[in-house]
Amino acid sequence: MKTLLVVAGAVVALFLTIAQFGTAGWTRPPILAQQHGFRGTGMDQIQTKAGAAALKAANRPPAPADPVEPGTDKAGAVYENVKVLKDLSVEEFNRLMVSMTEWVSPEQGCTYCHNTENMADDSLYQKQVARRMIQMVQHINTTWKEKHVGEAGVNCYTCHRGQPVPAHVWFQNPGPTYKTGFIPRNNGQNLASPSVGLASLPYDTLSEFFGKKDVDENLIRVNATTALPESKGKPIQAAERTYGLMMHMSSSLGVNCTYCHNTRAISNWSQSTPQRTLAWHAIRMVRDLNGNYIEPLTSTFPANRLGPTGDAPKLNCATCHNGQSKPLAGAHVVESYPELTQATAETGATPQPAAEPVSPAPAAPP
Ligand code: HEC
Ligand code: HEC
Ligand code: HEC
Ligand code: HEC
């Protein structure tokens, strides 16, 4: 009887396997391979054609609003409660309000940020956050222009994509709430977390690498710098955290490790691509934005927008990049919004002096 069942089972399995080959589309999808490093180094980027097309379609910026007459009356003089955009003419100010609505809250409209009975009223948290966001965008497009965002720049759409809450934000991850057994002793690992590309790596690496402003410049470095050990090296857990961050950066940009590293000499800057230097600065930029712009808003956000440990929703590489190596395929999104490329009037709300991007630390990019 047992043998009969085994034979019957095997026959069914065989038929199912044959049927699978006959019915499923087992053809190799058309592949796009782009040589990225020096020839022969195998530093290629590989995508499927369909994947590349879908990505392109999902990353198109809306057309800029029509230009307006220059105008002479300043918004700061005409309106009651304008703190950041004082020097714009009323016409330019209204054009920006219309564009901000299209970028951030096209469905909700002006009422997402405004009490329409009194536009000057600041009672909605959304308006207070938006005011700080305008300053953050100005800061990105000035302080970080040379080191990261270049002529392309960013506007609200880069992160928001027509949504009040960007698709990619993150919170501190305190891990599972179990108190006993194996799970609480997981070393912060082995939970498929999107923040590390679903790999079996420490799941709260973003808090460590993007959540603190003043950290050791060599925090991410784990490779030995001398042929023989001269002091105690870093533990394997530190290497796992670094890998977790690298998985985040690769998946956010839709690239593999060889976009930045020649993997025969990962830590060597002279064999790395120029993109690695841009990424080095990006890590510092993300810390600056979270620390100086987002975290100070923690008490402005309502409790339901905060994370499990009460922290504000923060940004990472994916917030701007959305799976592409250049956000919105490198579109120049601030060309026709000069007000977003310069720091205009300050608010009374204690803006911290934002750190100038420092030059790379020792053993960093030349
Ligand atoms: C994403 C949030 C947001 C949206 C959407 C938005 N606004 Fe605003 N609005 C602001 C902020 C922030 C200020 C204050 C700017 C400053 O302090 O420089 C403001 C200020 C104003 C003011 C000046 C009010 C005063 O008397 O001080 C007017 C007028 C205005 N907005 C009109 C509009 C209109 C019309 C729309 C819809 C087309 C709109 N806004 C959509 C955030 C928004
Ligand atoms: C670098 C990415 C980035 C850019 C650029 C950006 N934002 Fe944001 N924005 C965020 C993040 C992150 C949050 C927090 C998400 C949340 O509120 O849960 C946020 C939240 C907001 C909110 C509050 C949404 C809510 O209901 O919680 C408003 C309003 C807003 N942004 C407006 C703007 C405006 C207006 C601009 C352009 C002047 C802008 N943002 C540009 C990343 C960005
Ligand atoms: C977008 C560019 C980029 C991508 C993609 C990338 N890295 Fe990195 N990697 C960096 C930068 C920048 C540093 C240095 C960070 C610092 O010093 O603050 C670094 C550092 C490292 C280090 C530490 C090197 C040392 O000196 O100790 C390792 C290991 C590493 N990366 C592995 C990887 C792996 C594995 C992948 C693919 C999963 C990857 N990286 C993908 C940019 C990148
Ligand atoms: C505030 C938005 C923003 C954030 C956050 C951001 N980037 Fe970028 N990044 C840009 C823009 C805009 C460009 C395009 C610059 C250009 O076209 O010159 C860019 C370009 C790059 C490039 C060059 C791509 C190429 O093909 O040359 C790399 C690499 C990169 N970013 C890595 C990162 C990494 C890694 C992070 C997270 C640590 C990050 N970025 C976070 C906006 C951002």
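**Entry 1: a UniProt site**

I started with the UniProt record, where an unreviewed entry lists Met 133, Cys 156, Cys 159 and His 160 under "binding site". I then checked how these residues sit in space: they span 28 residues in sequence, yet no two of their C-alpha atoms are more than 11.2 Å apart, so they gather at one spot. A reminder to myself: this is a predicted model.

Next I went through some of them one by one. Met 133 has its place in helix 5. I found 20 C-beta neighbours inside 10 Å for Met 133, and since 20 or more is the cut-off for buried, Met 133 counts as buried.

Cys 159 turned up in helix 7. Is Cys 159 buried or exposed? The count gave 25 C-beta neighbours inside 10 Å, so Cys 159 goes down as buried. I also looked up who touches Cys 159, ignoring neighbours within four places in sequence: Pro 166, Leu 315, Thr 319 and Cys 320.

For Cys 156 I did the same lookup, again skipping anything within four places in sequence. Its contacts are Met 100, Trp 103, Val 104, Met 133 and Val 137. I noted that Met 133, from the UniProt list, is among the contacts of Cys 156.

**Entry 2: another UniProt site**

The "binding site" annotation (unreviewed entry) in UniProt also covers His 148, Cys 317, Cys 320 and His 321. These four are spread over 174 residues of sequence, but they cluster in space, with a largest C-alpha distance of 12.4 Å.

I looked at His 148, which belongs to helix 6. His 148 has 21 C-beta neighbours inside 10 Å, so I wrote it down as buried. Which residues does His 148 contact, once neighbours within four places in sequence are left aside? I got Leu 278, His 281, Ala 282 and Met 285.

Then came Cys 317, which sits in helix 11. Cys 317 is buried because 23 C-beta neighbours lie inside 10 Å. Setting aside neighbours within four places in sequence, Cys 317 is in contact with His 248, Met 249, Ser 252, Leu 253, Ala 282 and Val 286. Ala 282 shows up in the contacts of His 148 and in those of Cys 317.

**Entry 3: around the ligands**

I moved on to ligand 4, which has 24 residues around it. The closest are Gly 150, Gln 275, Ala 282, Cys 317 and Cys 320. That rang a bell, as Cys 317 and Cys 320 are in the UniProt list from my last entry. Helix 6, helix 9, helix 10 and helix 11 each supply at least two residues of this shell. Helix 10 gives the most, with six residues. Sorting the shell around ligand 4 by type, I got 15 nonpolar, eight polar and one charged.

For ligand 1 there are 23 residues in the shell, and Tyr 79, Val 84, Cys 110, Cys 113 and Ala 120 come nearest. The elements giving two or more residues are helix 4 and helix 5. Which element gives the largest share of the shell around ligand 1? That was helix 4, with five residues. By type, the shell around ligand 1 splits into 14 nonpolar, five polar and four charged.

**Entry 4: the core**

I looked up the largest nonpolar core, which has 45 residues. Val 137, Cys 156, Val 286 and Leu 289 touch the most other members. The elements that each supply at least two residues are helix 4, helix 5, helix 7, helix 8, helix 9, helix 10 and helix 11. Helix 10 has the largest share of this core, six residues. Cys 156 is thus in my notes as a core member and as part of a UniProt site.

**Entry 5: a strand pair**

Strand 1 (residues 31-35) was next. None of its five residues is buried, so strand 1 lies largely in the open. Strand 1 is joined to strand 2 (residues 44-48) by five bridges, and the two run antiparallel. I picked out one partner: Ile 31 bridges to Thr 48 in strand 2.

**Entry 6: odd backbone angles**

Most residues other than glycine have a negative phi. I therefore jotted down two exceptions, starting with Asn 322, whose phi is positive, near 50°. Asn 322 is in the segment after helix 11, and counts as buried with 21 C-beta neighbours inside 10 Å. Ala 329 also has a positive phi, about 55°. Ala 329 is found in the segment after helix 11 too, but Ala 329 is partly exposed, with 13 other C-beta atoms within 10 Å.

Methods
Residues numbered from 1 in each chain as written. Chains lettered and ligands numbered in written order. Predicted model: local features only at pLDDT ≥ 70, side-chain atom pairs only at ≥ 80, totals over all residues. Near = placed C-beta within 6 Å. Helix = DSSP H or I, 4+ residues; strand = E, 2+ residues; numbered from the N terminus. Nonpolar A, V, L, I, M, F, W, Y, C, P; charged D, E, K, R; others polar. Core = buried A, V, L, I, M, F, W, Y, C linked by C-beta atoms within 7 Å. Buried ≥ 20, exposed ≤ 12 C-beta atoms within 10 Å, placed from the backbone. Contact = placed C-beta atoms within 7 Å. Pairing = 2+ DSSP bridges. UniProt positions renumbered as here; feature names shortened; annotations may be inferred.
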